Amino acid sequence: MTEAQPVIRQVSSRIVYSNPWMTVREDAIEHPDGSPGLYGYVVRPDFVLVVPEEDDGFHIVEEYRYPIGRRSWSFPQGTAEADTREDEARRELVEEAGLRAGTLRYLGRMDNAHGMTDQGLHVYVATGLTKGEPRREHTEQDMRQRWVHRTEFEQMILDGAVSDSSSIAAYMLWRLRRP
């Protein structure tokens, strides 16, 4: 990864909107040629995504996603309060899928939507799973969970049943970093 000096200079920044989950900022900027511009983006905390792997397949969750107006399958993910990212991943896995991981392996960090937000995601793979009851938040009351074979998961991506870009990117990272 190459670290470079910013080519766009921030002239000013203001908060346009804020709630407990996100902040929308609007920055006056200056392009490399000196011309002015405006950039709006969402500031959100990083989140974790867990790939619960078992028997050449995965445990996935489905819920209604208000911004897209439909249900969608994905890997368990979110921002549970915890001391470390690993603890956060373990907590999300229990909350959404009712699973405890014997082993949790860090796969890496990715940018969520780098043209719209500063938010990143930290991807873990969970193995040695023990089943229990989910501890879902009130907002996850419609969530469902199921196990799918890896080939079925890939077909769900092709069919659009799994359209969550974070889950698809995490799956690719999982494929590239398989031991």
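**Exercise 1.** In this predicted model, determine which residues are in contact with D27, leaving aside its neighbours within four places in sequence, and establish whether D27 has a salt bridge or has none.

*Solution.*
1. Locate the residue: D27 lies in strand β2, residues 23-30.
2. List the contacts, with neighbours within four places in sequence left aside: Q10, S12, S13, R14, G37, L38, Y39 and Y41.
3. Examine the charge. D27 is buried, and R25 is the nearest side chain of opposite charge, 4.3 Å away. A salt bridge requires a side-chain nitrogen of Lys or Arg within 4 Å of a carboxyl oxygen of Asp or Glu; D27 has no salt bridge.
4. Examine polar partners: the side chains of D27 and Y41 make a polar contact at 3.2 Å.

**Exercise 2.** Identify the buried residues of helix α2 and state how they are arranged around its axis.

*Solution.*
1. Helix α2 comprises residues 150-159, and R150, F153 and M156 are buried in it.
2. These residues cover an arc of only 115 degrees around the axis, which puts them on the same side of α2.
3. On the other side of α2, L158 and D159 are exposed.
4. The cover over the buried residues of α2 includes β5, β6, β10 and α3.
5. After α2 comes G160, with a positive phi near 90 degrees.

**Exercise 3.** Compare the expected span of helix α3 with the separation of its end C-alpha atoms, then locate its buried residues.

*Solution.*
1. At 1.5 Å a residue, the 12 residues of α3 (165-176) should span 16 Å.
2. The end C-alpha atoms of α3 are 17 Å apart, which agrees.
3. In α3, the buried residues are S166, S167, A170, Y171, L173 and W174.
4. Viewed down the axis of α3, the buried residues fall within an arc of 160 degrees, so they line one face of the helix.

Notes. Residues are numbered from 1 along each chain as its sequence is written. This is a predicted model: local features need pLDDT of at least 70, side-chain atom pairs count only at pLDDT 80 or more; totals for chains, interfaces and linings use all residues. Side-chain values use heavy atoms; hydrogens and water are left out. Helices (H or I, at least four residues) and strands (E, at least two) are DSSP runs, numbered from the N terminus. The expected span of a helix is 1.5 Å times one less than its number of residues. Buried means under 20% relative accessible area, exposed over 50%, partly exposed in between (1.4 Å probe, protein chains only). The arc is that of the directions from the helix axis to the C-beta atoms. Lys and Arg count as positive and Asp and Glu as negative; His and the chain ends are not counted. A polar contact is a pair of N or O atoms within 3.5 Å; within protein, one must be able to donate a hydrogen and the other to accept it, and residues adjacent in sequence count only if both atoms are side-chain atoms. Contact means heavy atoms within 4.5 Å.
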